[in-house]
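Q: I should like a close look at a single part of this model. Please treat it in one connected account.

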Amino acid sequence: MVEMYRRPLTGWLDLSTYCNAGCPQCHRTNINGLDKVNWLQLIQWTFDDFKKAYPLRMLNMHKRFEICGTWGDPMMNKHIFKICEYIIKDGDCDVQINTNGSTRNPEWWWEFGVMGGEKLQVWFDVDGITQEMHSLYRQKTDLNLVKENIESYCMTNANACAHVIVFKHNQDYLYEIEELIRSLGIKGEIIFELSNRFSKGETFKFVNDKGINQELEQATIKDHPLINGQNPIRDHTWKKKKGILKHELHD
Ligand code: SF4
């Protein structure tokens with residue numbers, strides 16, 4: 001009877017509203033200065049909060065946890081290592097994390113990958129081949145640190161994938177971005193996705209953290225061979241069709 005109900009669930013968690021980045025089209029970003037929007041409270045789950053919400057009995061109902069973060073980057077949570085270790089080791093569940101990858105250092109990422117092994121899958125945001133190209137959208141991130149962190153993590157048995165948001169400023173470099181991502185050791189899926197946040201026109205104006213006016217432009221290409229369409233990120237049927245859930249261990 002217990003087995004019948006074992007592991008039917010996928011959990012989707014937001015563990016933090018903190019973020020090191022200031023992506024202009026993110027829900028949490030104030031486009032005047034790229035800090036968080038005023039009404040957003042800065043909060044994060046502690047390890048104790050997590051264990052209280054998910055005792056082992058609850059963990060055992062899950063096969064997988066997806067930790068993306070609508071309002072912040074999960075890797076900004078101070079307890080993320082312990083929380084993932086508890087989910088993976090004590091709960092025997094898979095974990096998927098989405099991150100800008102520009103936090104912590106290569107040693108930390110290596111230890112994280114060793115801890116998670118094949119039950120861990122991290123999706124890194126890489127939007128360009130140069131700092132300028134990458135950070136026009138991934139503002140306040142450091143592409144060199146992202147690359148070092150990815151390389152270190154990829155030396156472990158953990159799974160790594162990448163997410164690229166396509167704008168006009170990087171649309172002519174998609175093959176080069178793919179090459180960079182592969183050169184860092186990422187063997188999993190790469191999703192190239194057109195930004196869908198141009199509801200007010202083809203340009204998106206903002207003031208960066210140094211007070212300088214900047215703008216993003218909507219991509220003009222629609223059907224590049226690398227663009228996988230819009231990523232319905234919570235649609236597992238779509239992910240299965242694309243083969244993106246192939247690393248899942250509890251199918
Ligand atoms: S890294 Fe993610 S959470 Fe942080 S500002 Fe960018 S889109 Fe938002």
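Which residue just after H3 takes a positive phi? Please then describe helix H3 and its surroundings.

A: The model is a predicted one. Just after H3, the residue with a positive phi is Asp92, at about 60°.

Helix H3 itself comprises residues 80-90, and Ile80, Ile83, Cys84 and Ile87 are buried in it. Viewed down the axis of H3, these buried residues fall within an arc of 95°, so they line one face of the helix. Their cover includes three strands, namely S2 (62-67), S3 (94-99) and S4 (120-125), together with helices H1 (47-53), H2 (56-59) and H4 (106-116).

The strands just named belong to an open sheet of 6 strands, ordered S1-S2-S3-S4-S5-S6 and paired in parallel. At the edges stand S1 (9-13) and S6 (190-194); each has a single partner strand, so one side of each lacks a neighbour in the sheet. From one strand to the next, the twist averages 15°. As a general matter, strands of a sheet pair through backbone hydrogen bonds, in either a parallel or an antiparallel manner. Here, S2 and S3 run parallel and are joined by 4 bridges, and Phe65 stands opposite Val95 in S3. H3 packs on this sheet, where it touches S2, S3 and S4, and its direction makes about 155° with that of S3.

Thus the account of H3 joins two views: a face lined by buried residues, and packing on the sheet through contacts with S2, S3 and S4.

Terms used: Residues numbered from 1 in each chain as written. Predicted model: local features only at pLDDT ≥ 70, side-chain atom pairs only at ≥ 80, totals over all residues. Buried ≥ 20, exposed ≤ 12 C-beta atoms within 10 Å, placed from the backbone. Arc of directions from axis to C-beta. Contact = placed C-beta atoms within 7 Å. Pairing = 2+ DSSP bridges. Axes fitted to C-alpha atoms, helices over the stretch in contact; angles between N-to-C directions.
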